[in-house]
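These are my notes from a first pass through the model. I wrote down each thing I looked up, in the order I came to it.

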Amino acid sequence: MTPRALLGAIGRSLAETLASVGRFSGFVITSLMWMLRAPFYPRELLAQLLHIGWLSLPVVGLTTLFTGGALALQIYAGSARFSAEFAVPSITAIGMVRELGPVLGGLMVAARVASSIAAEIGTMKVSEQIDALRTLAVEPMQYLTVPRVLAATLSMPVLVAVGDAIGILGGYAVGVTRLGFDGGAYLRNSLDFLEFWDVASGMIKGAVFGFLVAISGCYFGMNSGRGAQGVGEATKSAVVMASILILAANYLLTEAFFSA
Amino acid sequence: MIRAHDLEKSYGENRVLRGVSFEVPKGESLVVIGGSGTGKSVLLKCLLGLERADRGSVEVAGLANPKPQVLAQHVGMLFQGAALFDSLPVWQNVAFRLMRGRNPLGATEAQALAVEKLARVGLGPETAMLFPAELSGGMQKRVGLARAIAGDPPVLFFDEPTAGLDPVMAAVINALIREITRDLGATALTITHDMRTVRDVADRVAKLHEGRFYWQGSVAEAFATEDPVMRQFTRGLTEGPVATLR
């Protein structure tokens with residue numbers, strides 16, 4: 001490949017990436033605008049709260065339970081090197097609520113929910129159900145996207161809070177049964193060193209991650225290609241995009257919340 | 001009434017519609033025929049406002065270049081695959097539009113209306129509580145038809161109404177379409193490549209060919225004409241002016 005051809009290929013790739021970012025940003029802005037316009041669909045919102053929030057509890061709970069346990073073990077192994085084992089409960093709790101609860105919860109919800117939203121809306125598009133909605137005087141953005149995005153944004157902070165509690169419980173179980181901590185002292189140490197902002201920042205992260213998960217699922221579903229391959233591609237892209245956005249947003253939010 | 005004037009629509013280099021003009025007077029049933037990929041569905045989407053034409057104008061039920069949301073209360077549409085909403089039971093599919101928007105019907109009233117419309121297309125009240133996935137292809141088409149006529153619209157569109165159905169069920173759907181459009185006094189536009197549908201449903205036939213209405217006439221004329229393009233299509237001949245891949 002000649003240098004000129006290489007530059008051309010890089011340029012085209014860059015232009016396509018920028019165009020994709022522009023389309024996605026446009027979709028986000030359009031979704032936000034539709035949130036402010038009547039009619040609203042409270043039944044759809046409730047159904048999505050159940051689907052995205054309630055039904056994600058088991059997967060988030062199991063993820064944080066095991067992560068809390070593993071985190072306690074790791075911190076114990078590390079802190080033992082400089083005789084700081086007493087810090088295991090507090091560092092496990094802070095690690096869970098600030099970072100691992102929201103990020104792992106967000107990634108698990110991305111895998112479960114972004115894929116399901118993209119597949120559902122993609123299939124609706126392929127089978128002309130989206131067109132049918134429009135011929136029945138219902139705007140698909142309002143009926144499909146808004147309830148899903150709102151439900152994910154509202155339910156993720158709750159999922160994160162529950163996940164945090166379960167993660168701390170996982171650490172507690174390992175601490176008491178495997179590491180020889182006294183149960184009462186472990187809990188006291190966990191809670192005494194936690195500050196309000198530790199928990200609140202994690203929940204704010206959760207809301208942002210929930211928004212990103214649902215908007216990615218809706219975007220790729222609405223722009224799904226034809227046939228099974230198109231829907232499959234949309235599903236995969238939704239999960240990848242949601243996961244990358246979560247990790248990037250996590251860094252930016254952490255910078256914003258905790259940088260000195 | 002349905003009217004299109006000089007409609008043009010392209011996708012990149014592909015000029016799908018190249019100046020389609022026609023008029024369907026009130027109460028008439030026009031069937032548009034054409035091979036796969038000739039732009040029949042694109043034409044329908046332009047008429048429904050689902051696609052914006054690059055050029056030209058559309059008038060449906062007295063509304064000029066209407067948006068689908070505005071058009072919804074004046075038209076009913078039967079999609080090729082019925083396009084029923086999987087997550088809703090049949091009765092909610094049928095009464096979908098009437099349960100939303102201004103002055104929505106309550107659940108009891110909507111369900112009663114849905115059962116009435118289902119009866120109109122030959123389905124019993126027990127169907128109302130089923131989900132689309134529990135229905136056969138023919139039943140899905142009937143439910144789609146019930147949804148299309150739920151608001152007694154003055155204009156009806158049918159996209160390949162018999163696609164994927166066995167001959168007997170296709171004849172049943174054609175008969176229902178004919179009966180219902182007559183009873184409602186509706187103006188109808190059907191796109192199909194099923195010649196049985198042409199015979200059963202049409203007052204007038206138009207052939208979409210190379211992006212334009214190539215031929216228009218009565219049903220009898222459509223089957224009698226010696227025009228080579230029409231002759232090849234209506235008789236399903238492999239030899240003729242339209243190239244076929246074999």
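At what angle do helix 8 (residues 196-222) of chain A and helix 9 (residues 227-258) of chain A pack, and how far apart are their axes? I noted at the start that this is a predicted model. I found a packing angle of about 155 degrees for helix 8 and helix 9 of chain A, with the axes 8 Å apart.

**Entry 1. Helix 8 and helix 9 of chain A**

Angles over 145 degrees count as roughly antiparallel. I therefore put helix 8 of chain A and helix 9 of chain A down as roughly antiparallel to each other. I also looked up the hand of the crossing, and helix 8 and helix 9 of chain A cross in a right-handed way.

Next I went through the residues where the two helices meet. On the side of helix 8 of chain A I listed, among others, A:Val208, A:Phe209, A:Leu212, A:Val213 and A:Phe220. On the side of helix 9 of chain A the residues include A:Met241, A:Leu245, A:Ile246, A:Leu253 and A:Phe257. By class, this contact of helix 8 with helix 9 of chain A holds 14 nonpolar, six polar and one charged residues.

**Entry 2. Helix 4 and helix 6 of chain A**

I then turned to helix 4 (residues 88-126) and helix 6 (residues 140-177) of chain A, whose axes are 7 Å apart at a packing angle of about 145 degrees. The crossing of helix 4 of chain A with helix 6 of chain A is right-handed. I sorted the residues of this contact between helix 4 and helix 6 of chain A into 17 nonpolar, eight polar and two charged.

**Entry 3. Helix 1 and helix 6 of chain A**

Helix 6 of chain A came up again with helix 1 (residues 3-35) of chain A: their axes come within 9 Å and cross at roughly 95 degrees. Helix 1 and helix 6 of chain A are therefore roughly perpendicular to each other. From helix 1 of chain A, I noted A:Thr30, A:Ser31, A:Trp34 and A:Met35 in the contact. Helix 6 of chain A brings A:Met141, A:Gln142, A:Thr145, A:Val146, A:Val149 and A:Leu150 to it. The contact of helix 1 with helix 6 of chain A has six nonpolar, four polar and no charged residues.

**Entry 4. Domains of chain A**

I looked up how chain A is divided, and found domain 1 (1-37) and domain 2 (42-258). The C-alpha centres of these two domains of chain A are 27 Å apart. Eight residues of domain 1 of chain A are in contact with nine residues of domain 2 of chain A. The domain 1 side of that contact in chain A has five nonpolar, two polar and one charged residues.

**Entry 5. Chain B**

For chain B, I found domain 1 (1-74 + 153-165 + 187-239) and domain 2 (82-151). Their C-alpha centres in chain B lie 27 Å apart. Seven residues of domain 1 of chain B contact six residues of domain 2 of chain B. On the domain 1 side in chain B, I counted five nonpolar, two polar and no charged residues.

I also checked the record: an unreviewed UniProt entry lists residues 2-235 of chain B under "domain: ABC transporter". Over residues 2-235, chain B is 35% helix and 26% strand, and the end C-alpha atoms are 28 Å apart.

**Entry 6. Between the chains**

How many residues does each chain give to the contact of chain B with chain A? I found 15 residues from chain B and twelve residues from chain A. The chain B side divides into nine nonpolar, four polar and two charged residues.

Technical notes:
Residues are numbered from 1 along each chain as its sequence is written. Chains are lettered from A and ligands numbered from 1 in the order in which they are written. This is a predicted model: local features need pLDDT of at least 70, side-chain atom pairs count only at pLDDT 80 or more; totals for chains, interfaces and linings use all residues. Domain bounds come from an automatic or database domain assignment. Ala, Val, Leu, Ile, Met, Phe, Trp, Tyr, Cys and Pro count as nonpolar, Asp, Glu, Lys and Arg as charged, and the others, Gly among them, as polar. Axes are lines fitted to C-alpha atoms, for helices over the stretch in contact, and angles run from 0 to 180 degrees between N-to-C directions. Helices (H or I, at least four residues) and strands (E, at least two) are DSSP runs, numbered from the N terminus. Angles under 35 degrees count as roughly parallel, over 145 as roughly antiparallel, 65 to 115 as roughly perpendicular and the rest as oblique. A crossing is left-handed if the near helix is turned anticlockwise from the far one by less than a right angle, and right-handed if clockwise. UniProt positions are given in the numbering used here, feature names are shortened, and annotations may be inferred rather than shown by experiment.
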